[in-house]
Amino acid sequence: MDARCITLNNEAVRIGSGRLLSHLRSEGLNYDLWVTGTDCGSTVHLRVDDLTDSLDSRIRAVLVGTATTLDLATRPHT
């Protein structure tokens, strides 16, 4: 896969992940989301406000099956 295809794939994954998370966002989930990737696959990076074990499980359940790696952590407070 060339660099242009990787970029397009990462953008598609970002949009799709955002749509999958829309229900949680409507419940008040605040997060930063970005995607990185190579020709071997994509990683969805999420930094979430006040991430709890329960919320971690819910996010993972929503994004399961997307054929990506998930990098999930609490967003640092500024």
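**View 1. Two cysteines that stay apart.** In C5, the sulfur sits 14 Å from the closest cysteine sulfur, that of C40, which is too far for a bond. This is a predicted model, and the distance here comes from its atoms. Looking from the other end, C40 has its closest cysteine sulfur in C5, again at 14 Å and too far for a bond. A disulfide needs the two sulfur atoms within 2.5 Å, and by this rule the count comes to zero disulfides. As for their surroundings, C5 counts as partly exposed at 37% relative accessibility, whereas C40 is exposed, with a relative accessible area of 75%.

**View 2. The β1–β2 hairpin.** Here β1 (31–38) and β2 (residues 41–48) form a hairpin, with two residues between them. The two strands run antiparallel and are joined by eight bridges. To find your way along the pair, pick out L33: its bridge partner in β2 is L46. Strand β2 is mostly covered, as seven of its eight residues are buried.

**View 3. From β2 over to β3.** On to strand β3 (residues 69–74), which runs parallel to β2 and is joined to it by six bridges. The chain gets from β2 to β3 by way of α3, and this β-α-β crossover is right-handed. Two handy markers for the pairing are V44, which stands opposite L70 in β3, and R47, which stands opposite A73 in β3.

**View 4. A close look at R47.** R47 is found in strand β2. Is this arginine buried or exposed? R47 is buried, because its relative accessible area is 19% and the cut-off for buried is under 20%. Its side chain makes a polar contact with the side chain of D71, at 2.8 Å. Leaving aside neighbours within four places in sequence, R47 is in contact with N30, Y31, D32 and W34, and also with D71, L72, A73, T74 and R75.

**View 5. The largest nonpolar core, with L46 inside.** This core has 15 residues, and those with the most contacts inside it are L21, L29, Y31, L46, V48 and I59. The elements giving two or more residues to the core are β1, β2 and α3 (53–63). In soluble globular proteins, nonpolar side chains tend to be buried together. Zoom in on L46 and, not counting residues up to four places away in sequence, you'll find that L46 touches L21, Y31, D32, L33, I59 and L63, plus L70, D71, L72 and A73. One of these, L33, is also the residue whose bridge partner in β2 is L46.

**View 6. The loop glycine G65.** Where does G65 lie along the chain? G65 is in the loop between α3 and β3. G65 counts as exposed, because its relative accessibility is 77% and the cut-off for exposed is over 50%. For a sense of scale, follow the chain from G65 to P76: the two residues are eleven apart in sequence and 28 Å apart in space, C-alpha to C-alpha.

How values were computed. Residues are numbered from 1 along each chain as its sequence is written. This is a predicted model: local features need pLDDT of at least 70, side-chain atom pairs count only at pLDDT 80 or more; totals for chains, interfaces and linings use all residues. Side-chain values use heavy atoms; hydrogens and water are left out. Helices (H or I, at least four residues) and strands (E, at least two) are DSSP runs, numbered from the N terminus. Buried means under 20% relative accessible area, exposed over 50%, partly exposed in between (1.4 Å probe, protein chains only). A polar contact is a pair of N or O atoms within 3.5 Å; within protein, one must be able to donate a hydrogen and the other to accept it, and residues adjacent in sequence count only if both atoms are side-chain atoms. Contact means heavy atoms within 4.5 Å. A nonpolar core is a set of buried Ala, Val, Leu, Ile, Met, Phe, Trp, Tyr and Cys residues joined through side-chain atoms within 4.5 Å. Two strands pair if DSSP finds at least two bridges between them. A crossover is right-handed if, with the strands pointing away from the viewer, the path from the first strand over the helix to the second runs clockwise.
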